[in-house]
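Here's a walk through one protein model, from the overall build down to a few backbone oddities. Have the structure open while you read.

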Amino acid sequence: MPAARRPIRKVLVANRGEIALRVMRTCREMGIKAVAVYSDADRNALHVRAAYEAVRLGPAPAAESYLRGDLVVAAAKQTGADAIHPGFGFLSEKAAFVRQVEAAGLIFIGPSAEAMEAMGDKLAARRHMLAAGVPVVPGTTEPAKDDATLLAEARRIGFPVMIKASAGGGGKGIRIVRGEAELVSAAARARGEARGAFADDRIYLEKYLEEPRHIEVQVFGDAHGHVVHLGERECSMQRRHQKVVEERPSPLLDEELRGKMGAAAVRAAQAVGYRNAGTIEFLVDKHRAFYMLEMNTRLQVEHPVTEWTCGLDLVRWQLLVAMGEPLPLTQEQIRHEGHAIEVRLYAEDAENGFLPATGRIVRLQLPGGAGVRVDSGLYEGLEVTPHYDPMLAKISVHAATREQALARMARALFEVTVTGVVTNLPFLRRAIDSEPFRSGRYDTATIESQPELFRPRVPPTREQHLALIGATMAHVLRRRRGFPASEPAADGHAPPPAAAPARRSGWRDAWRPGGAP
Ligand code: MV4
């Protein structure tokens, strides 16, 4: 049933930071007013200043502010908004919130509550996908019952297997089981954890794929039954389920595999009557076989990578679709050009266990120039608190080829300065420069299995350290005595002391804590 067109004149953006700004920018371009919501910690945030008006939700903790669906809906009603954009995280994938929004007569800029639920439950999603002919990882489609059945299923699938919580997602509630001996106890613990974390103890089994690549496909549906895909994003550069670098096209895919994955992603979305922006996550194994893993029923952090190569504004598409407009382009009209890479700047100390960092931004210099985009809510003086996600900014680049995009990203990162808060900037520079990333041969295990490739230059040994001190003292003493710092020229004539050539100091290349990468 073709949905009625319903104009949107005012949108409440139920989020903070860079994604709230991102949504408000498109609203402004479309002549739509934006309402910000904020917690006490965000009173001075950029997303508040970018909005047409702003409503305070509550104290800093998200549970008392950005996660309060009732307050968000009340703020929308109070300001006369027609629609709510959830951004990502917070309320964006809560079906109960979608129902609250719609019950208040407002438009939720996203999928229906039913589609969200169908994809949010992994067992339900697996059954939908199998029915739609979308490959899923071999495993079970019903909750695990007694131990004997569990063992029989694990033997049929073949070890190693993975136990997953049906209500889990994004790395929560998963467990690897390498042999029969561990299975029953692992299942019991997984059930207990799932019950505690999700109030739902259903678990099931999947074949465990070793060192897969994580490649996702952007999809878009409208209220008229059309679904298209906007190509893939390669997201394998990650640690502990936190993505570090994303790129498009994936160095792994050829046109044939890309076409098959795109078509599977469209079938997956159609199977649940999907509307608005969504992402189908796939695992791709060593044999280049692909399996659907999960669907993210929201606009994702890494959407700029897709926007760069297809030249589209995905938030604009979200708003049009939410107004009941048909998708602006057909599948054949969607074209991609060049190569895009995105990195995520986090407030975390990569040299000390990736602990989240806090503090006040003292100096800030963000990159610019051709083919560089920054999505950020940063400004000098901003207080980075421990209340929210540590992602500070996204830096993305676009160029004609992967090689040029790599060089452009290295250049963009060279331009960045952030002081006052420790960031993963040195880690990002090393990641971009690492052999696995440069060669395109990396998978989801690369960062964690080869940490030495991503660590700062090794500190000198004690002997090297003493030798360095000795050499420096000798150098200083020679200068004091008026001798040239350098060796005499080959013709035997020492250059005059004043003309000693400027030399690159060894100290600049030496390891220093917190020093240059
Ligand atoms: C897997 C897997 C291997 N085999 N499932 C982790 C997060 C959640 N979305 C699913 N995850 C995985 N499921 C099977 N059958 C490996 C992972 C996985 C992973 C997946 C995507 C991105 C990064 C990852 C890092 C470690 C493990």
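What follows goes from the whole chain to strands, a helix and some unusual backbone spots.

First, the ground rules. This is a predicted model, where local features need pLDDT of at least 70 and side-chain atom pairs count only at pLDDT 80 or more, while totals for chains, interfaces and linings use all residues. Residues are numbered from 1 along each chain as its sequence is written, and side-chain values use heavy atoms, with hydrogens and water left out.

**The whole chain**

The protein has 17 helices and 22 strands; these are DSSP runs, H or I of at least four residues for helices and E of at least two for strands, numbered from the N terminus. A compact globule of 517 residues would have a radius of gyration near 24 Å, and the protein's 26 Å agrees with that. That radius is taken over C-alpha atoms, and the globule rule is 2.2 Å times the number of residues to the power 0.38. Along the principal axes, the C-alpha atoms fill a box of roughly 90 × 60 × 45 Å.

Of the 517 residues, 52% count as buried. Buried means under 20% relative accessible area, exposed means over 50%, and partly exposed is in between (1.4 Å probe, protein chains only). Take the contacts between residues at least 6 apart in sequence: 66% of them join residues at least 24 apart, with a contact meaning heavy atoms within 4.5 Å. The accessible surface is about 23,400 Å², and 54% of it belongs to carbon and sulfur atoms; the areas come from the Shrake-Rupley method with a 1.4 Å probe.

As for charge, there are 69 positive and 62 negative side chains, with the centres of the two sets 4 Å apart. Lys and Arg count as positive, Asp and Glu as negative, and His and the chain ends are not counted. Each charge is placed at NZ of Lys, CZ of Arg, CG of Asp or CD of Glu.

**Strands and their partners**

Strand 14 (residues 339-346) is a good place to zoom in, with 8 of its 8 residues buried. In a regular strand the side chains alternate between the two faces of the sheet. Here His-339, Ile-341, Val-343 and Leu-345 point one way, while Ala-340, Glu-342, Arg-344 and Tyr-346 point the other. Strand 14 pairs with strand 21 (residues 391-399) and with strand 11 (residues 242-248); pairing here takes at least two DSSP bridges between the strands.

Strand 6 (residues 161-169) is mostly covered too, with 8 of its 9 residues buried. Strand 6 and strand 7 (residues 172-177) make a hairpin with 2 residues between them, and Gly-170 in the turn has a positive phi of about 55°. Strand 6 also pairs with strand 8 (residues 203-207).

There's also an open sheet of 5 strands in the order 3-2-1-4-5, with parallel pairing. Strand 3 (53-58) and strand 5 (107-108) sit at its edges with a single partner strand each, so one side of each has no neighbour in the sheet.

Here are some of the pairings side by side.

| Strands | Sense | Bridges | One facing pair |
|---|---|---|---|
| Strand 11 and strand 14 | antiparallel | 4 bridges | Val-245 and Val-343 |
| Strand 14 and strand 21 | antiparallel | 8 bridges | Leu-345 and Ala-393 |
| Strand 2 and strand 3 | parallel | 5 bridges | Tyr-38 and Arg-56 |
| Strand 6 and strand 7 | antiparallel | 5 bridges | Val-161 and Val-177 |
| Strand 6 and strand 8 | antiparallel | 5 bridges | Lys-164 and Tyr-204 |

**A covered helix**

Helix 10 (residues 303-310) has 7 of its 8 residues buried, so the rest of the structure largely encloses it. Among those buried residues are His-303, Glu-307 and Cys-310. Just after helix 10, Gly-311 takes a positive phi of about 70°.

**Backbone oddities**

Now for the cis peptides. Phe-159 and Pro-160 are joined by one, with omega about -5°, and Pro-160 lies in the loop between helix 7 (147-157) and strand 6. The bond from Arg-248 to Pro-249 is cis as well, with omega near 0°; Pro-249 is in the loop between strand 11 and helix 9 (255-271).

Positive phi turns up in non-glycines too. Glu-211 has a phi of about 45° and is found in the loop between strand 8 and strand 9 (213-221). At 42% relative accessibility, Glu-211 counts as partly exposed. Asn-276 has a phi near 75° and lies in strand 12 (residues 276-284). With 1% relative accessibility, Asn-276 counts as buried.
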